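Hi,

Here is the structure I promised to pass on. Have a look at it first, then read my notes below.

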Amino acid sequence: MRTAAVSAISAKLLMSPGAEVLAILGTGKQALSHYNVFTEIFSFKEVRVWSQTKERVERFVRSVEGPVRGCSSAEEAVRGADVIVTVTRSTEPVLYGQWVKAGAHVAAVGACRPDWRELDDMLMKSAVVYADSREGALSESGDVILSGAEVFAELGDVINGTKSAQREKTTVFKSLGMGVEDAVSAKLVFDQWTAKATKS
Ligand SMILES: NC(=O)C1=CN([C@@H]2O[C@H](COP(=O)(O)OP(=O)(O)OC[C@H]3O[C@@H](n4cnc5c(N)ncnc54)[C@H](O)[C@@H]3O)[C@@H](O)[C@H]2O)C=CC1
Ligand SMILES: O=C(O)C1=NCCCC1
């Protein structure tokens, strides 16, 4: 859930204000938590989902409620989408810049190894790239390392107001996960548990 929460913060900061269509590539555990968090926080008119097989897409669609539509190709899912979440175990690009609408926001969650990709060079080079950790992105993300794309800012820079949120441009948030996210999540759980325990 903490990974999806961070992706949702990236979307809150970087997606276009009138965003209506969300696309999710992948139908595993991260896809479900992203679906749950994004539909809880935002009001997308349509959520499109694609995965490797028709069976996985159908199973995912049956498992959730809301305005979800299964797609038979990644291209069908992402064409015209305002926000795209990539949550696959792919080692090769599944999302191509030529399909992505200008001004869309991409939260790229998979491909967390230096030789793995989810996004192609065209997208990485044409988008404004943000990361949770610049250091992490430059050592762990194949999409950043192999494309040679510049990391414009960390998400924390945008939250602190030291770097701009370029909503009008196509943006990529490269997520890798950070220990501090686990620490904050653990504190939230502990605080809620303590509050309940003191009441009873
Ligand atoms: N950035 C972060 O903080 C985190 C990133 N991850 C990464 O997110 C990704 C997804 O994780 P989970 O949902 O837990 O995995 P999962 O195994 O539950 O789901 C993986 C999904 O990827 C799809 N997939 C696998 N190979 C593919 C390919 N070649 N092309 C297209 N789709 C493919 C599968 O059909 C499935 O829908 C993994 O790469 C994982 O390492 C996971 C946790 C945190
Ligand atoms: O932050 C995490 O947790 C992970 N990050 C990338 C790879 C899978 C787990």
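How far apart should the ends of helix α1 be, given its 13 residues? At 1.5 Å a residue, counting one less than the number of residues, helix α1 (residues 2-14) should span 18 Å, and its end C-alpha atoms are indeed 18 Å apart. Helices here are DSSP runs of H or I with at least four residues, and strands are E runs of at least two, numbered from the N terminus.

Before you go on: this is a predicted model, where local features need pLDDT of at least 70, side-chain atom pairs count only at pLDDT 80 or more, and totals for chains, interfaces and linings use all residues. Residues are numbered from 1 along each chain as written, chains are lettered from A and ligands numbered from 1 in written order, and side-chain values use heavy atoms, without hydrogens and water.

Now for D82, which sits in the loop between α4 (74-78) and β4 (83-86). D82 is buried, at 9% relative accessible area (buried is under 20%, exposed over 50%, partly exposed in between, with a 1.4 Å probe and protein chains only). The D82 side chain gets to 2.8 Å from the backbone nitrogen of E20.

Then there's ligand 1. An oxygen atom of ligand 1 is 2.8 Å from a polar backbone atom of Q30, and another pair puts a polar side-chain atom of S175 2.9 Å from a nitrogen atom of ligand 1. Q52 joins in with a polar side-chain atom 3.1 Å from an oxygen atom of ligand 1.

Cheers

Conventions:
A polar contact is a pair of N or O atoms within 3.5 Å; within protein, one must be able to donate a hydrogen and the other to accept it, and residues adjacent in sequence count only if both atoms are side-chain atoms.
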